[in-house]
Amino acid sequence: MKEPLFLEPVFQERIWGGTALRDVFDYSIPSDHTGECWAISGHPNGQSTVKNGEYAGRTIGELWENNRELFGNYSSPVFPLLTKILDANADLSVQVHPNDSYAKEHENGELGKTECWYIIDCDEDAELIFGHTAQTKEEFVERVEKGEWNELLRRVSVKPGDFFYVPSGTIHALCKGTLILETQQSSDTTYRVYDYDRKDAEGNTRELHIDKSIAVTAIPHQSTRVEPSVKKQGEAEVTKFVEAEYFTVYKWNINGKASFAQDKPFLLGSVLNGSGVLKADGKEYAFTRGDHFILPSDFGEYEVEGQAELIVSHV
């Protein structure tokens, strides 16, 4: 019986970031422009560190290299998933991500980036950019070259609790006033299509990647609608949002006690609200809002007790 691995996240400052990661989750953030919490990450650009137990002080990347049995000896050159919380205090750039084959060829072997979003909170009038209107590559290129962004980009209204599946090739952007949890492939490759002509403190605009964006964008836009399914599990409501090629993602609403079995190579958990305890093998592990953990492959049967809302995922 192995322990859960509770993790110390890594924070990334962004031009569009704010203070919600501190205000909502009580994290100690580096500045008032902190955009991303890399909560469960084995990516070299920001690795989570284990806080508890025999692996305390070790990064996920180290454990993936040297203790693969924790992850059911899952076959992947790198830890395959990345869980983030993003605070869009301003609009993010309009962007698109490559698939595995394109990223491997053009980004030094990096993984592609399919991702999904759970809207934790947002402004009353919040929206996302999701998809585009072009029916042909020629139309897409023409609108990009002419800067016809209002005609090209699709906007979608959002509310707390919404979920979006974002395969590689999907034009997208978080907009101001959204706080999300993102589950994605472990990749840091983003192609910017449009950045609102913003300038940084030195008066410079950020780099755009027009040619690569054109190369990887799905044209026409593909529907990515998913149909969540809900089931009762003890005193918990388990919503399966998506079961896709790279990840399966759930929300757990815990209202008392619920029993589970960890039968995956590994399970990722992020506590969005409330608190509770994991009980397994006669031991208890407390968790509260803002905690993130991995249940290793042989964690076995366990009970969750409390009042809490979690996002859970696995490969």
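1. Strand S12 (residues 163-166) is covered on both of its faces. Phe163 and Tyr165 lie on one side, Phe164 and Val166 lie on the other, and all of these residues are buried. This arrangement may be read against a general rule: in a regular strand the side chains alternate between the two faces of the sheet. The reader should bear in mind that the model is predicted.

2. Which strand pairs with S12, and in which sense? Strand S9 (residues 115-122) pairs with S12 in the antiparallel sense, over 4 bridges. Within this pairing, Tyr118 of the one strand has Phe163 in S12 as its bridge partner. Phe163 is also one of the residues that are buried in S12.

3. Two domain annotations come from the UniProt record, where the entry is unreviewed. The record lists residues 6-118 as "domain: Phosphomannose isomerase type I catalytic". Over residues 6-118, the chain is 18% helix and 35% strand, and the end C-alpha atoms are 21 Å apart. The annotation "domain: Mannose-6-phosphate isomerase cupin", likewise from UniProt, covers residues 238-315. That span is 0% helix and 77% strand, with its end C-alpha atoms 17 Å apart.

4. A hairpin is found around the start of the second annotated span. Strand S16 (residues 229-233) and strand S17 (residues 236-243) run antiparallel and are joined by 5 bridges. The hairpin that S16 and S17 form has 2 residues between the strands. Gly234, in the turn, has a positive phi of about 60°. Across the pairing, Lys231 stands opposite Val238 in S17.

5. Arg155 merits a separate point. This residue is found in strand S11 (residues 153-157), and with a relative accessibility of 43% Arg155 counts as partly exposed. Which residues does Arg155 contact, leaving aside its neighbours within four places in sequence? The contacts are with Glu127, Leu128, Ile129 and Cys175. With Glu127 there is also a polar contact of 2.7 Å between the side chains. The C-alpha atoms of Arg155 and His132 are separated by 8.8 Å, and the two residues are 23 residues apart along the chain.

6. Charged pairs are the next topic. Side chains of opposite charge can pair when their charged atoms come close. How many salt bridges does the structure hold? The total is 20 salt bridges. One network of salt bridges links Arg14, Glu36, Lys84 and Glu182.

7. Individual salt bridges may be examined together with the exposure of their residues. Arg22 and Asp23 meet through their side chains in a salt bridge of 3.9 Å, N to O. Arg22 is partly exposed, at a relative accessible area of 34%, whereas Asp23 is exposed, at 53%. In the salt bridge between Asp162 and Lys159, the closest N and O atoms are 2.9 Å apart. Is Asp162 buried or exposed? Asp162 counts as buried because its relative accessibility is 15% and the cut-off for buried is under 20%. Its partner Lys159 is exposed, with a relative accessible area of 51%. Arg198 forms a further salt bridge with Asp195, and here the closest N and O atoms are 2.6 Å apart. Asp195 counts as buried, at 4% relative accessibility.

8. The aromatic residues complete the picture. A pair of aromatic rings is described by the distance of the centres and the angle of the planes. A search of the whole structure finds 24 aromatic pairs. In one of them, the rings of Phe25 and Tyr27 have their centres 5.6 Å apart and their planes at 20°, so the pair is stacked. Phe25 counts as buried at 6% relative accessibility, and Tyr27 counts as buried at 11%. The rings of Phe71 and Phe79 have their centres 5.7 Å apart, and their planes are at 65°, so this pair is edge-to-face. Phe71 and Phe79 are both buried.

9. Which residues form one aromatic cluster with Phe71 and Phe79? The cluster consists of Trp64, Phe71, Tyr74, Phe79 and Phe266. Phe266 falls in the span 238-315 that UniProt annotates as "domain: Mannose-6-phosphate isomerase cupin".

Technical notes:
Residues numbered from 1 in each chain as written. Predicted model: local features only at pLDDT ≥ 70, side-chain atom pairs only at ≥ 80, totals over all residues. Heavy atoms only, no water. UniProt positions renumbered as here; feature names shortened; annotations may be inferred. Pairing = 2+ DSSP bridges. Salt bridge = Lys/Arg side-chain N within 4 Å of Asp/Glu carboxyl O. Buried < 20%, exposed > 50% of the residue type's maximum accessible area, 1.4 Å probe, protein only. Contact = heavy atoms within 4.5 Å. Polar contact = N/O pair within 3.5 Å; in protein donor to acceptor, adjacent residues only side chain to side chain. Phe/Tyr/Trp six-rings, centres within 6.5 Å; stacked < 30°, edge-to-face > 60°.
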